[in-house]
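Trainee: I would like to learn how to read a structure, one feature at a time. Where do we begin?

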Amino acid sequence: MADINIAYLWLLVLLTIPLCLLALLLLIVRPRPVKIPIKNRHVFITGGSSGIGLALAHQFALEGAQVSILARSLDKLEEAKHLIQLSTGVDVAIFAADVRDFDSVQKAVVEAGPIDVLVVNQGVFLPQELEKQELDEIRFMIDVNLMGSFNMIKAALPGMKTRNGRGPASIALMSSQAGQVGIYGYTAYSASKFGLRGLAEALQQEVIADNIHVSLIYPPDTETPGFAEENKRRPQLTSIIAASSGAMKADEVAKRALDGIKSGSFFVPCNFEGSLLAIATAGLSPQRSFLVAFIEVVAAGLIRLVALFFQWNWFGSIEKWHAQKK
């Protein structure tokens with residue numbers, strides 16, 4: 001009888017600990033859960049003429065949003081506008097500007113009108129080892145991926161803050177799984193995408209009082225028009241290390257991104273590997289879901305062990321590669 005009572009006591013303890021943890025997390029996770037409405041709202045997407053940006057424009061149009069897209073090429077914007085109109089019946093507004101030019105971006109934002117959902121999606125990717133890569137290429141990636149995001153957000157924020165009675169707003173930043181973990185040959189690209197996380201975390205604290213909610217989207221390799229060209233110049237060792245993560249279609253990434261934006265999620269992973277990376281790199285980032293926070297807390301040690309196995313494998317590949325070259 002005593003053994004049975006002890007067993008019941010241990011069972012009670014084992015059940016109580018996770019329940020107490022869930023209750024604690026329910027009290028402390030911040031910001032609070034939110035839903036971002038899409039229908040009849042103004043969505044502004046940079047890099048919207050192709051790839052993930054174009055797929056997102058389609059998705060938002062189908063959800064009943066008023067969509068504006070921005071890119072450098074007016075011809076590509078016109079083509080994108082035509083494609084969206086054919087498939088959705090929605091007429092989108094187009095703006096030709098370079099995100100590196102704040103004045104041009106600000107002019108486009110003023111012309112477009114107050115923004116409810118801003119998707120900062122532009123990006124360039126030129127893989128190469130740092131020693132071999134020209135500084136002009138590095139500067140180009142930093143300017144487009146990181147400084148372009150600052151320009152876009154700074155231009156849009158005044159109008160987003162003064163919207164009256166339009167409900168919660170969203171700023172979504174398109175990062176990359178290379179913004180969660182550094183990979184051989186991605187030195188400059190990863191630096192530009194890691195920078196978006198610092199921007200997003202600090203920005204969320206600055207704009208939460210204005211009912212603006214920040215999302216950080218982490219797509220893997222995505223089948224876009226530029227993806228094949230990027231692969232041509234990828235170092236072979238990069239391809240070996242990154243081979244475990246498959247590519248997604250732009251429409252699939254757009255669907256995951258849209259769902260994450262609507263739920264106000266801070267981290268928006270797009271596949272299983274991305275979800276594991278989000279848990280492994282959660283750190284001090286905001287978390288709206290107490291259930292996801294529970295998984296982060298409980299799984300942190302195990303995921304760290306898995307991460308160390310990945311690092312062991314990657315550094316083993318690097319060792320083998322250099323040994324073969326010698």
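Mentor: We begin with a helix and its buried residues. In helix α4 (residues 102-112), these are Val105, Ala108, Val109 and Ala112. Buried means under 20% relative accessible area, exposed over 50%, and partly exposed in between, with a 1.4 Å probe and protein chains only. Seen down the axis of α4, the buried residues fall within an arc of 100 degrees, so they line one face of the helix. The arc is that of the directions from the helix axis to the C-beta atoms.

Trainee: What kind of model is this, and how are the residues numbered?

Mentor: This is a predicted model, in which local features need pLDDT of at least 70 and side-chain atom pairs count only at pLDDT 80 or more, while totals for chains, interfaces and linings use all residues. Residues are numbered from 1 along each chain as its sequence is written, and side-chain values use heavy atoms, with hydrogens and water left out.

Trainee: How are helices and strands defined?

Mentor: They are DSSP runs, numbered from the N terminus: helices are H or I with at least four residues, strands are E with at least two.

Trainee: Which exposed residues does α4 carry on the face turned away from its buried side?

Mentor: That face has Asp103, Lys107, Val110 and Glu111. The cover over the buried residues of α4 includes β1 (42-46), β2 (66-71), β3 (93-96) and α5 (135-161).

Trainee: What is found at the start of α4, and what follows the helix?

Mentor: Look for a polar contact, which is a pair of N or O atoms within 3.5 Å; within protein, one must be able to donate a hydrogen and the other to accept it, and residues adjacent in sequence count only if both atoms are side-chain atoms. At the start of α4, a side-chain oxygen of aspartate 101 comes to within 3.2 Å of the backbone nitrogen of aspartate 103. After α4 comes glycine 113, with a positive phi near 95 degrees.

Trainee: How are two packed helices described?

Mentor: By the angle between their axes and the distance between the axes. Axes are lines fitted to C-alpha atoms, for helices over the stretch in contact, and angles run from 0 to 180 degrees between N-to-C directions. Here α2 (residues 51-62) and α3 (residues 74-88) pack at about 35 degrees, with their axes 10 Å apart.

Trainee: Which residues meet there?

Mentor: Contact means heavy atoms within 4.5 Å. From α2, Leu54, Ala57, His58, Ala61 and Leu62 meet Ala80, Leu83, Ile84, Ser87 and Thr88 of α3. The residues of this contact divide into seven nonpolar, three polar and no charged. Ala, Val, Leu, Ile, Met, Phe, Trp, Tyr, Cys and Pro count as nonpolar, Asp, Glu, Lys and Arg as charged, and the others, Gly among them, as polar.

Trainee: Now a single residue. Is lysine 193 buried or exposed?

Mentor: Lysine 193 lies in helix α6 and counts as buried, at 3% relative accessibility. Its side chain reaches the backbone oxygen of methionine 174 at 2.9 Å.

Trainee: Where is methionine 174, and what does it contact?

Mentor: Methionine 174 is in strand β5 (residues 169-174) and is buried, with a relative accessible area of 3%. Leaving aside neighbours within four places in sequence, its contacts include Ile52, Leu56, Asn121 and Lys193. Asparagine 121 is in the loop between β4 (117-120) and α5, and counts as buried at 10% relative accessibility.
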